[in-house]
Amino acid sequence: MTRARKALIDLSSTSYYHLIARCVRRAFLCGDDEYTGKNFDHRRTWMVERIKLLSSVFAIEITAYAIMSNHYHLVVKVNRQQAICWSDNEVIARWYKLYKGSPVIDRQINGYALSEAEKLLVSELVEKWRARLYDISWFMKNLNEYIAKEANKEDNCTGKYWEGRYKSQALLDETALLSCMAYVDLNPIRANVTNKLEESDFTSIKERIKHLQYSKESAKKSNQNNKTGYQAKQPKSLQQFGKTEHEHTLPFTLMDYLELVDWTGRHVHPKKKGYIPKSMPSILVSLKIEEAAWLDRVQNFGNHYGNFAGSRTVLREHAAKNDVNWYKGVG
């Protein structure tokens, strides 16, 4: 049964969500069209650019992404507290990057004296915009509508571009977050598009690897690579990796995550050759996740869970909180 969106996005339970949208009829509207022979990979570039622009406007960070030929995956973090702390002027400036705004706020910006009624209206508008700037539905609306309009304009046609509303999954614990990120980053590997992470086009894992390689080369040239305290720089457009004690970062290190995804990819993709470490990556050891359970979770993440992902205990607790008897994935 379809659930109301407000029942699926619960920021009091988690700030992390997995978002998926598919092209209408699952047609290859972002890749190679077998019927016309045209290539639409440039639309995937549109997607990446639009995602990053919206992330810079909204209080929503991009944790992982994979733009495939006929669908895309996003893992996002909603920073509600950040939006609440924005000044009114900050909210207005961000909103105006996407919309024309309001005549009464234009009057305020231009220095006109406002009546008490107008000041009240300004306050109400700002609070409405503030709430929308950390709303996943408004983020997705701005992403999907923009891409649909650009694609239809290019094709000189009208009609639906996306297959209904987007799908969302709440990631209720660290293991769900980590396995979902790996699942998203390994999409091209599972689809047999490539067998190398660094060649997985239009994915966050490729962007992170390329940025890491560039920062290492830059450090080497400036003789910083051997200095104590050197740290690999990470893409500013993506949520940063850190450690558990760092409040605003992912609770893992970048190198641990790259090792984990590479190790997982070698098991997921049967044709991928290379050395497979006998021991599990340290990140699995620290989280006390068994090897077989991890690989099953990543390979079958899309089928294993419904609108919520997490351990059985967490899923049961969240279901009880929402007066629901059962969530997919509990077993």
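N192 is placed in the loop between helix 9 (187-190) and helix 10 (204-221), where helices (H or I, at least four residues) and strands (E, at least two) are DSSP runs numbered from the N terminus. The model is predicted, so local features need pLDDT of at least 70 and side-chain atom pairs count only at pLDDT 80 or more, whereas totals for chains, interfaces and linings use all residues. Residues are numbered from 1 along each chain as its sequence is written, and side-chain values use heavy atoms, with hydrogens and water left out.

Although N192 is not a glycine, its phi is positive, about 65°. Most residues other than glycine have a negative phi. The relative accessible area of N192 is 48%, which means that N192 is partly exposed; buried denotes under 20% relative accessible area, exposed over 50%, and partly exposed the range in between (1.4 Å probe, protein chains only). N156 is also not a glycine and has a positive phi of about 55°. The loop that holds N156 runs between helix 7 and strand 4 (167-171). With a relative accessible area of 73%, N156 is exposed.

N156 follows helix 7. This helix comprises 20 residues (136-155), and at 1.5 Å a residue its expected span is 28 Å, in agreement with the 28 Å between its end C-alpha atoms; the expected span is 1.5 Å times one less than the number of residues. At the N-terminal end, helix 7 is capped by D135, a side-chain oxygen of which lies 2.7 Å from the backbone nitrogen of S137. The buried residues of helix 7 include I136, F139, M140, L143, I147, A148 and A151, and also the asparagines N142, N144 and N152. The elements against which these buried residues pack are strand 1 (16-22), helix 2 (41-57), strand 2 (60-67) and strand 3 (71-78).

Across the protein there are 15 helices and five strands. Of its 331 residues, 46% are buried. Contacts (heavy atoms within 4.5 Å) between residues at least 6 apart in sequence join residues at least 24 apart in 66% of cases. The exposed surface of the protein is about 17,900 Å², of which carbon and sulfur atoms supply 50%; accessible areas come from the Shrake-Rupley method with a 1.4 Å probe, and for residues only the protein chains shown count as cover.

A nonpolar core is a set of buried Ala, Val, Leu, Ile, Met, Phe, Trp, Tyr and Cys residues joined through side-chain atoms within 4.5 Å. The largest such core contains 91 residues, and L74 and W294 have the most contacts inside it. Helix 8 (residues 174-185) gives the most to this core, with eight residues. Apart from neighbours within four places in sequence, W294 is in contact with L178, S179, A182, L260, W263, T264, L284 and I289.

Side chains of opposite charge can pair when their charged atoms come close. The whole structure contains 13 salt bridges, each defined as a side-chain nitrogen of Lys or Arg within 4 Å of a carboxyl oxygen of Asp or Glu. In one of them, the side chains of R44 and D41 meet at 2.9 Å, N to O. These residues are three apart in helix 2 and so are separated by about one helical turn. R44 is buried at 12% relative accessibility, and D41 is partly exposed at 24%.

The salt bridge between D88 and R130 has an N to O distance of 3.0 Å. This pair links distant parts of the chain, with D88 in helix 4 (residues 88-95) and R130 in helix 6 (residues 116-132), 42 residues apart. D88 is partly exposed, at a relative accessible area of 39%, whereas R130 is buried, at 7%. In the salt bridge of R107 with E118, the closest N and O atoms are 3.6 Å apart. Here too the pair links distant parts of the chain, R107 being in helix 5 (residues 103-109) and E118 in helix 6, eleven residues apart. R107 is partly exposed, at 32% relative accessible area, and E118 is partly exposed, at 23%. R43, E154 and D155 are joined into one network by salt bridges that share partners.

Key:
Polar contact = N/O pair within 3.5 Å; in protein donor to acceptor, adjacent residues only side chain to side chain.
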